[in-house]
Amino acid sequence: MTKEQYDIAKEVITQVNNYFETDCRIKSRKINIVRPRMYACKIIRELTGMTYQDIADLFGYSHASIVHAVKSVNNDLEV
């Protein structure tokens, strides 16, 4: 992950937190924290092209969780 990608990712996380008035980096399974985290993962992936593992390292999760988050948001957008 480059410095530019990291800076973009941090800005996305900040903007998502401000919009949803929460902290999406908290380790929680509550829907009001999980959904913003999923949206942040999707946006970071699209804007930076970071690997799933790099995004997972930002949030402290496994890459499989990030893959699931991106797929879930894609499904939500289709519906």
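Helix H3 (residues 52–59) packs on helix H4 (residues 63–78) at an angle of about 100°, and their axes lie 8 Å apart. The two helices are therefore roughly perpendicular to each other. This is a predicted model.

**H3 against H4**

The H3 side of this contact consists of Tyr52, Gln53, Ile55 and Ala56. They meet His63, Ile66, Val67 and Val70 in H4. Sorted by class, the contact of H3 with H4 has six nonpolar residues, two polar ones and no charged ones.

Ser65 also lies in helix H4. Its relative accessible area is 31%, so Ser65 is partly exposed. Ser65 and Tyr52 are 13 residues apart in sequence. In space, their C-alpha atoms are 8.9 Å apart.

**H2 against H4**

H4 also packs with H2, at an angle of about 95° and with the axes 8 Å apart. That angle makes H2 roughly perpendicular to H4. From H2, the contact draws on Arg35, Met38, Tyr39, Cys41 and Lys42. Their partners in H4 include Ile66, Val70, Val73 and Leu77. Ser72, Asn74 and Asp76 are also among the H4 residues met by H2. By class, the contact of H2 with H4 divides into eight nonpolar, three polar and three charged residues.

**Inside H2**

Helix H2 covers residues 31–48. At 1.5 Å a residue, its 18 residues should span 26 Å; the end C-alpha atoms are 25 Å apart, which agrees. The buried residues of H2 include Ile33, Val34, Pro36, Met38, Ala40, Cys41 and Ile44. Arg37, Lys42 and Thr48 are also buried in H2. The buried residues of H2 pack against H1, H3 and H4.

Which residues does Ala40 contact, leaving aside its neighbours within four places in sequence? They are Val12, Val16, Cys24 and Phe59. Ala40 sits in helix H2. Its relative accessible area is 0%, so Ala40 is buried. The C-alpha atoms of Ala40 and Ala9 are separated by 8.4 Å, although these residues are 31 residues apart along the chain.

**H1 and its two sides**

Helix H1 covers residues 3–20. Its 18 residues should span 26 Å at 1.5 Å a residue, and its end C-alpha atoms are 26 Å apart, which agrees. Gln5, Ala9, Val12, Ile13, Val16 and Asn17 are buried in H1. Seen down the helix axis, these buried residues fall within an arc of 130°, so they line one face of H1. They pack against H2 and H3. The face turned away from the buried side carries the exposed residues Lys3, Glu4 and Asn18.

**H3 from the inside**

Asp54, Ile55, Ala56, Leu58 and Phe59 are the buried residues of H3. What covers them includes H1, H2 and H4. Is Asp54 in H3 buried or exposed? Its relative accessible area is 18%, under the 20% cut-off, so Asp54 is buried. Phe59, another buried residue of H3, is in contact with Ala40.

**After the helices**

Three helices are followed by a residue with a positive phi, as the table lists.

| Helix | Residue just after it | Phi |
|---|---|---|
| H1 | Glu21 | positive, about 50° |
| H2 | Gly49 | positive, near 70° |
| H3 | Gly60 | positive, about 80° |

Glu21 has this positive phi as a residue other than glycine. Where is the place of Glu21? Glu21 is in the loop between H1 and H2. At 74% relative accessibility, over the 50% cut-off, Glu21 counts as exposed. Asp54 and Glu21 are 33 residues apart in sequence and 25 Å apart in space, C-alpha to C-alpha.

**Drawing the contacts together**

H4 crosses both H3 and H2 roughly perpendicular to each. Ile66 and Val70 in H4 are met by H3, and Ile66 and Val70 are also met by H2. In H1, Val12 and Val16 are buried, and both are in contact with Ala40 of helix H2. Met38 and Cys41 are buried in H2 and meet residues of H4. Ile55 and Ala56 are buried in H3 and also belong to its contact with H4.

Note on methods. Residues numbered from 1 in each chain as written. Predicted model: local features only at pLDDT ≥ 70, side-chain atom pairs only at ≥ 80, totals over all residues. Heavy atoms only, no water. Axes fitted to C-alpha atoms, helices over the stretch in contact; angles between N-to-C directions. Helix = DSSP H or I, 4+ residues; strand = E, 2+ residues; numbered from the N terminus. Parallel < 35°, antiparallel > 145°, perpendicular 65-115°, else oblique. Contact = heavy atoms within 4.5 Å. Nonpolar A, V, L, I, M, F, W, Y, C, P; charged D, E, K, R; others polar. Expected span 1.5 Å × (residues − 1). Buried < 20%, exposed > 50% of the residue type's maximum accessible area, 1.4 Å probe, protein only. Arc of directions from axis to C-beta.
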